[in-house]
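Trainee: Before we look at this model, I would like to understand how each label in its description is earned. Could we take the terms one at a time?

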Amino acid sequence: MKITKLMLSALVAAAALVACNKEDVTPVQEGVKSIEVKIGNKIMTKGDAGTKIEHGTPVKVNTLQIFLTDASYSTDYTAGVKDNDGADAEFYWDAAQIGEGLSLNFHYVSHSCTKVVAIANAGQKLTFDQVFNATPDVLPTIDHQQDATDLLLFADANLTKTDRVHEFQTEDTNKYAEVYEAALVLTPTISRFEVDGFVMTFAQDTDIAEVKITDIAFQDYYPMMTVQKSPFKGIAYGTPVKPMDITDDAEVYAWFNDAANTGWYRDSFDITLTPADGTADVGPYAYHFYAGDIVPDLVIKLMVDNVPAYLATDVFYTKNDANEYVALTKIEEGKIYRMSAAGEVEDDGSIPFDEDDLNTVDRCLEITVDVIDWTVVLVTPDFGSFGDSI
């Protein structure tokens with residue numbers, strides 16, 4: 001994957017000022033090290049809400065926070081650390097400071113420090129204890145993760161020793177500290193589902209005149225994110241949000257008919273599909289979820305010749321490395337799951353279903369999901385065994 005570097009314009013210049021070769025220097029200062037941090041970004045993401053995530057568009061970093069720690073994430077090594085001017089080092093930057101370019105060079109760092117962690121767009125300045133001791137409810141909830149220009153991002157890297165040293169000015173002599181570096185790659189903590197439209201296959205001898213699609217909604221997802229250390233990563237937690245029993249048609253209809261049930265997880269449409277034209281393009285619409293061991297349910301509300309109906313996913317299918325369709329059993333951070341009718345990432349995104357899905361008790365909708373890395377994965381929903389037939 002192509003790595004797009006965050007534009008930290010002062011980084012190279014600062015490195016040149018503080019570092020030199022090891023040859024012909026006075027003894028190395030004991031007990032401290034210098035650290036240079038480089039930040040890259042592997043995310044291919046959108047710039048505006050509601051559009052597909054395209055390749056080559058870097059994620060937006062609005063705030064950035066750095067933590068200096070160790071392999072067990074047990075100690076905060078920020079105390080006494082200095083910047084290039086000898087002042088106490090900064091470890092948190094807002095959008096204005098990031099836009100000016102950052103010099104991420106830290107000096108007088110304890111030799112016990114072996115790791116650098118970065119968190120972007122957390123919504124607030126966090127303490128070490130909040131992050132590494134998994135303080136609940138300090139990271140944004142999933143309803144605050146629907147704007148792709150302000151996503152929570154994590155990065156974690158070990159320090160690597162270089163062949164350079166940093167010069168320290170003292171009263172009577174100059175001393176030098178070994179320079180270590182860390183290369184961080186900011187990655188998202190969410191999975192993204194994209195819907196571009198609907199494709200219905202009518203039977204050749206169909207009696208249906210029209211199918212109207214009125215709503216779609218997602219449920220069964222984790223509402224919150226916390227931090228797991230060793231290895232450092234975000235993990236979804238909390239009671240899954242699942243307000244509908246998708247096996248109970250009366251409960252499904254009641255939920256959709258309740259005007260209070262609105263939010264990022266639901267969209268409404270005025271779409272009519274007919275035997276002459278069973279395709280409708282919309283959106284695209286995007287829905288973000290914290291990655292975890294549950295796969296959200298997709299529920300579609302319909303009117304079939306003015307009779308209420310609905311489809312709900314039993315499972316999503318995607319292709320594995322052997323080009324075989326397999327059930328999606330979890331969703332991963334940094335992945336885009338794009339609905340698939342045609343099976344091609346470039347021009348797909350539609351939810352496919354056919355007349356049998358409407359006229360049988362099974363209501364089996366198979367959606368193939370594409371994941372984008374931001375990996376795209378095409379997914380096909382399987383609508384299975386929910387409610388009564390129409």
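Trainee: Which residues of helix α4 are called buried, and what makes a residue buried?

Mentor: The model is a predicted one, and in its helix α4, which spans residues 249–257, the buried residues are Val252, Tyr253, Trp255 and Phe256. Buried means under 20% relative accessible area, so each of these four has a value under that cut-off.

Trainee: Why are the buried residues of α4 said to line one face of the helix?

Mentor: Looking down the axis of α4, one finds its buried residues within an arc of 160°, and therefore they line one face. The face turned away from that buried side carries Ala250 and Asn257, which are exposed, a word kept for values over 50%.

Trainee: What covers the buried residues of α4?

Mentor: The cover includes the strands β12 (211–219), β15 (266–273), β17 (297–304) and β18 (307–319).

Trainee: How do you know that Asp248 caps the N-terminal end of α4?

Mentor: A side-chain oxygen of Asp248 lies 3.1 Å from the backbone nitrogen of Ala250; a polar contact requires N or O atoms within 3.5 Å, so this pair meets the distance limit.

Trainee: How many cavities of 30 Å³ or more are counted, and what lines the largest cavity?

Mentor: The count comes to one, and the largest cavity has a volume of about 30 Å³. Its lining includes Leu126, Gln130, Val131, Thr226 and Val227, with α3 (128–132) and β13 (224–228) each supplying at least two residues. By type, the lining divides into six nonpolar, three polar and no charged residues.

How values were computed: Residues are numbered from 1 along each chain as its sequence is written. This is a predicted model: local features need pLDDT of at least 70, side-chain atom pairs count only at pLDDT 80 or more; totals for chains, interfaces and linings use all residues. Side-chain values use heavy atoms; hydrogens and water are left out. Buried means under 20% relative accessible area, exposed over 50%, partly exposed in between (1.4 Å probe, protein chains only). The arc is that of the directions from the helix axis to the C-beta atoms. Contact means heavy atoms within 4.5 Å. A polar contact is a pair of N or O atoms within 3.5 Å; within protein, one must be able to donate a hydrogen and the other to accept it, and residues adjacent in sequence count only if both atoms are side-chain atoms. On a 1 Å grid over the protein atoms alone, a cavity is a set of points where a 1.4 Å probe fits but cannot get out, and a pocket is an open set with protein on both sides within 12 Å along at least five of seven lines; lining residues have an atom within 4 Å of a point. Grid points are joined across faces, edges and corners, and a volume is the space filled by probe spheres set on the points. Ala, Val, Leu, Ile, Met, Phe, Trp, Tyr, Cys and Pro count as nonpolar, Asp, Glu, Lys and Arg as charged, and the others, Gly among them, as polar.
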